[in-house]
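Let's take a walk through this fold, starting with the chain as a whole and then stopping at a handful of residues. Keep the viewer open as you read.

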Amino acid sequence: ITLKIKYHDFKVATRSQSFPQPVDDEETIAALAKQLLAATEPGNKKIRLLGISFSNFGETQHRQRDVSDTDQLKLF
């Protein structure tokens, strides 16, 4: 999971973390995204762009999804 943040002055900070096993748990992903954001130490800086990307997908067991589930994850 990689977090990329671009500030108002176009400086860029990137933080990432890998897992030994594939992760598809929304709570784990959201918690890690928050940790990665905190690691950039944004303080009171104005943010132009905030992105999260996923890579190195692996095989996971597919679980049944509830009808209310969405593909868009909430950050906070």
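Among contacts in the protein chain between residues at least 6 apart in sequence, what percentage join residues at least 24 apart? The answer is 65%. Keep in mind that what you're looking at is a predicted model.

Now for the parts list. The protein chain has one helix and three strands, and reading from the N terminus the elements come in the order β-β-α-β. There are 76 residues in the protein chain, and 17% of them are buried. As for the outside, the protein chain exposes about 6,400 Å², with carbon and sulfur atoms supplying 48% of that area.

Start with the sheet. The three strands make an open sheet, ordered β2-β1-β3, and the pairing is antiparallel. That leaves β2 (12–16) and β3 (47–53) as the edge strands, each of which pairs on one side only. Going from one strand to the next, the twist averages 10°. Helix α1, residues 26–39, lies across β1, β2 and β3, and runs at about 40° to β1.

Zoom in on the β1 and β2 pair. Strand β1 covers residues 2–7 and is joined to β2 by five bridges, with the two strands running antiparallel. If you want landmarks for the register, L3 stands opposite R15 in β2, and I5 has A13 in β2 as its bridge partner. The hairpin these strands make has four residues between them. Look for F10 there: F10 sits in the loop between β1 and β2, and its phi is positive, about 70°, even though F10 is not a glycine.

There's another positive phi on the far side of the helix in sequence. E41 is in the loop between α1 and β3, and this residue, also something other than glycine, has a phi near 50°. Is E41 buried or exposed? E41 counts as exposed, because its relative accessible area is 62%, and the cut-off for exposed is over 50%.

Compare that with T40, which is placed in the loop between α1 and β3. T40 counts as buried because its relative accessibility is 7%, and buried means under 20%. Which residues does T40 touch, not counting those up to four places away in sequence? The list is L3, I5, Y7, A13 and R15. Two of the pairs in that list should ring a bell: L3 and R15 stand opposite each other across β1 and β2, and I5 and A13 are bridge partners.

Next, hop over to strand β3, where you'll find G51. With a relative accessible area of 22%, G51 is partly exposed. Its contacts, leaving out residues up to four places away in sequence, are T2, L3 and K4. For a handy distance check, G51 and I5 are 46 residues apart in sequence but 6.4 Å apart in space, C-alpha to C-alpha.

I47 is in strand β3 as well. Its relative accessible area is 42%, so I47 is partly exposed. What kind of patch does I47 form on the surface with L50 and L75? The patch is nonpolar, and together the three residues have about 220 Å² of accessible area.

One last stop: F19, in the loop between β2 and α1. F19 counts as partly exposed because its relative accessibility is 32%. Setting aside its neighbours within four places in sequence, F19 is in contact with I1, T28 and L32. Of these, T28 and L32 fall within the residue range of α1, 26–39. You can also run a ruler from F19 to N56: the two are 37 residues apart along the chain, and their C-alpha atoms are separated by 9.7 Å.

To put the picture back together, you have an antiparallel open sheet in the order β2-β1-β3, with helix α1 lying across β1, β2 and β3. In the loop between α1 and β3 you have T40, which touches residues including L3, I5 and A13.

Methods:
Residues are numbered from 1 along each chain as its sequence is written. This is a predicted model: local features need pLDDT of at least 70, side-chain atom pairs count only at pLDDT 80 or more; totals for chains, interfaces and linings use all residues. Side-chain values use heavy atoms; hydrogens and water are left out. Two strands pair if DSSP finds at least two bridges between them. Axes are lines fitted to C-alpha atoms, for helices over the stretch in contact, and angles run from 0 to 180 degrees between N-to-C directions. Contact means heavy atoms within 4.5 Å. Patches are made of residues with over 30% relative accessible area and no salt bridge: like charges are joined within 9 Å, nonpolar side chains (Val, Leu, Ile, Met, Phe, Trp, Tyr) within 5 Å. Accessible areas come from the Shrake-Rupley method with a 1.4 Å probe; for residues, only the protein chains shown count as cover. A salt bridge is a side-chain nitrogen of Lys or Arg within 4 Å of a carboxyl oxygen of Asp or Glu. Buried means under 20% relative accessible area, exposed over 50%, partly exposed in between (1.4 Å probe, protein chains only).
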